[in-house]
Every structure is written in C-alpha cells, then in structure tokens.
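Colleague: I have a few minutes before class. Can you walk me through this one?
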Amino acid sequence: MKSVTFSTVLAVVVAMSCVLMSQAFVPRSSVGHAFNVKAATTTTKLNGFMGDPERESLSRDSEPEEFFQTNTDKMTDEEKLPIALAGLAGISLPFILGLIALYAAK
C-alpha cells in the first residue's frame, strides 16, 4: 500500500513540476501594460546631480585619440594568431579525442 501511495505522490509531484515549468514559456500579454501610461510618463531621467548629461553620445568624431587599450588590443593580428589557434584547438580537441575513443572501443 505504501508503494502505491508513494508512486502516486511522485507522479503528482512530477506532473505539477512539468506544469509549473511549462508556464515559464507562456508569452505574457502586453494589454495590462498599455493601461499603465501614467507610470511611464512620470518617470524622470537622472543624468547626474544637477540634471546635466554626463557626455554626449559617443561617435567617431567625439572619441578621444587616447583610449583604454588592453595588451591584446595593442598586439598586431600576427601576434594574436597563436592565441586564436590555441583557443580553436582547445575547443575542438576534446571532441576529436572523444571520436577516436568511440571508434577505438568498437
């Protein structure tokens, strides 16, 4: 009798968790947000203590000549090539070794 009730409870718990997890993927309606116009219009934009913007938007003309560069940014493309190849090998090598191990096990 205990195994029947345990399995029933387990089935109910699994079913409820499936229902709750599937609710996360349901798209939300935007109808409720359309009526909240007052909240959207009364928000103020705080750009600093005095309300002045910190700076204008960044463009090629307004970008300073000296900007923060990492050591990798200062390297040429020829110097970056070994780093890129090591990353590519580090990602692909475990898959290649796994395929070799699978074929060797046959």
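Modeller: Start with a term. A patch is made of residues with over 30% relative accessible area and no salt bridge, and nonpolar side chains are joined within 5 Å. Also, this is a predicted model.

Colleague: Which residues make the nonpolar surface patch?
Modeller: Leu93, Ile96, Leu97 and Ile100 make a nonpolar patch of about 380 Å². Leu93 sits in helix α5.

Colleague: Why does Leu93 count as partly exposed?
Modeller: Its relative accessibility is 45%. Partly exposed runs between 20% and 50%, so Leu93 falls in that class.

Colleague: Is there a general reason to look at spacing along a helix?
Modeller: Yes. An α-helix has 3.6 residues a turn, so residues three or four places apart point the same way.

Colleague: Back to α5. How many residues does α5 have?
Modeller: There are 29, from 77 to 105. The helix reaches 42 Å from its first C-alpha to its last, close to the expected 42 Å.

Colleague: Where does α5 bend?
Modeller: At Ser92, by about 35 degrees. A proline, Pro94, follows within four residues.

Colleague: New topic. How many helices and strands are in the chain?
Modeller: The chain has 5 helices and 0 strands. Of its 106 residues, 0% count as buried.

Colleague: Where is confidence lowest, and where is it highest?
Modeller: Helix α3, residues 37-41, is lowest, at a mean of 51. Helix α5 is highest, at 95. The chain's mean pLDDT is 76. Where pLDDT is low, the predicted coordinates should not be read in detail.

How values were computed:
Residues are numbered from 1 along each chain as its sequence is written. This is a predicted model: local features need pLDDT of at least 70, side-chain atom pairs count only at pLDDT 80 or more; totals for chains, interfaces and linings use all residues. Side-chain values use heavy atoms; hydrogens and water are left out. Helices (H or I, at least four residues) and strands (E, at least two) are DSSP runs, numbered from the N terminus. The expected span of a helix is 1.5 Å times one less than its number of residues. The bend at a residue is the angle between axes fitted to the seven residues ending there and the seven starting there. pLDDT is the predictor's confidence in each residue, from 0 to 100. Buried means under 20% relative accessible area, exposed over 50%, partly exposed in between (1.4 Å probe, protein chains only). Patches are made of residues with over 30% relative accessible area and no salt bridge: like charges are joined within 9 Å, nonpolar side chains (Val, Leu, Ile, Met, Phe, Trp, Tyr) within 5 Å. Accessible areas come from the Shrake-Rupley method with a 1.4 Å probe; for residues, only the protein chains shown count as cover. A salt bridge is a side-chain nitrogen of Lys or Arg within 4 Å of a carboxyl oxygen of Asp or Glu.
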